[in-house]
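Q: Could you pick one part of this protein and take me through it closely? I'd also like to see how that part fits in with what surrounds it.

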Amino acid sequence: ALLAQIGELGLEGVVSFVDPVPVPAKDPARDQVDLVWMISLSGHIGYAGLEAMAAGFPTLLLEVDSPELALPVDPELVQLICSTPQQLVDRSLELRKDPSCFREQQAQLMRHRFLTTKEGIDQLVAFYIREP
């Protein structure tokens, strides 16, 4: 269905789907990547999103589920996680204006929140193993 929609919109030369890459930083096509779209569950980035950002790819996430309990909005993640497909498209278009600024914001988020704090790592692991 996505491929058909891409064809209808005339975006065959702009959008591509690739097989999973074990290590984004070692992807042979990394120079051809302008933006990565990932799926977010319950407002979390997940390991694949973290790897993409750590590899320097501008990354946006689309939240695809609605948690039973409303989670508070995380101000550090609000620009990365989109709640609707239209919001994902709008942010992608905004990102094209200044990708280097967005990339730097992601790099700072990675350094300060996920890669250097035990709390950030523990929270992510707890989410995946379903601990409170």
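A: **A close look**

Arginine 91 is buried but makes no salt bridge, and the nearest side chain of opposite charge, that of glutamate 94, is 5.6 Å away. Buried here means under 20% relative accessible area, while exposed means over 50% and partly exposed is anything in between (1.4 Å probe, protein chains only). For charges, Lys and Arg count as positive and Asp and Glu as negative, with His and the chain ends not counted. A salt bridge needs a side-chain nitrogen of Lys or Arg within 4 Å of a carboxyl oxygen of Asp or Glu.

A quick word on the ground rules: this is a predicted model, where local features need pLDDT of at least 70 and side-chain atom pairs count only at pLDDT 80 or more, though totals for chains, interfaces and linings use all residues. Residues are numbered from 1 along each chain as its sequence is written, and side-chain values use heavy atoms, leaving out hydrogens and water.

So where does arginine 91 sit? Its home is helix 3, residues 85–97. (Helices, H or I with at least four residues, and strands, E with at least two, are DSSP runs numbered from the N terminus.) If you skip its neighbours within four places in sequence, arginine 91 touches Leu60, Val78, Gln79, Leu80, Ile81 and Cys82. Contact means heavy atoms within 4.5 Å.

Now for the sheet. It is an open one, with three strands in the order 1-2-3 and parallel pairing. Strand 1 (36–40) and strand 3 (81–82) are at the edges with a single partner strand each, so one side of each has no neighbour in the sheet. Two strands count as paired if DSSP finds at least two bridges between them. Strand 2 (residues 59–63) runs parallel to strand 3, joined to it by two bridges. One of them pairs leucine 61 with isoleucine 81 of strand 3. Helix 3 packs on this sheet and touches strand 1, strand 2 and strand 3, with its direction at about 165 degrees to that of strand 2. (Axes are lines fitted to C-alpha atoms, for helices over the stretch in contact, and angles run from 0 to 180 degrees between N-to-C directions.)

Back to the bridges: leucine 62 has cysteine 82 of strand 3 as its partner. On the other side, strand 1 and strand 2 pair in the parallel sense over five bridges, and serine 40 stands opposite glutamate 63 in strand 2. Four of the five residues of strand 2 are buried, so this strand is largely enclosed by the rest of the structure.

Let's zoom out. The chain has five helices and three strands, following the pattern α-β-α-β-β-α-α-α along the sequence. Of its 132 residues, 28% count as buried. Among contacts in the chain with a separation of 6 or more, 53% come from residues 24 or more positions apart.

For a stop away from the sheet, try alanine 107 in helix 4 (residues 99–114). Alanine 107 is partly exposed, at 22% relative accessible area. Its C-alpha atom is 7.0 Å from that of methionine 53, although the two are 54 residues apart along the chain.
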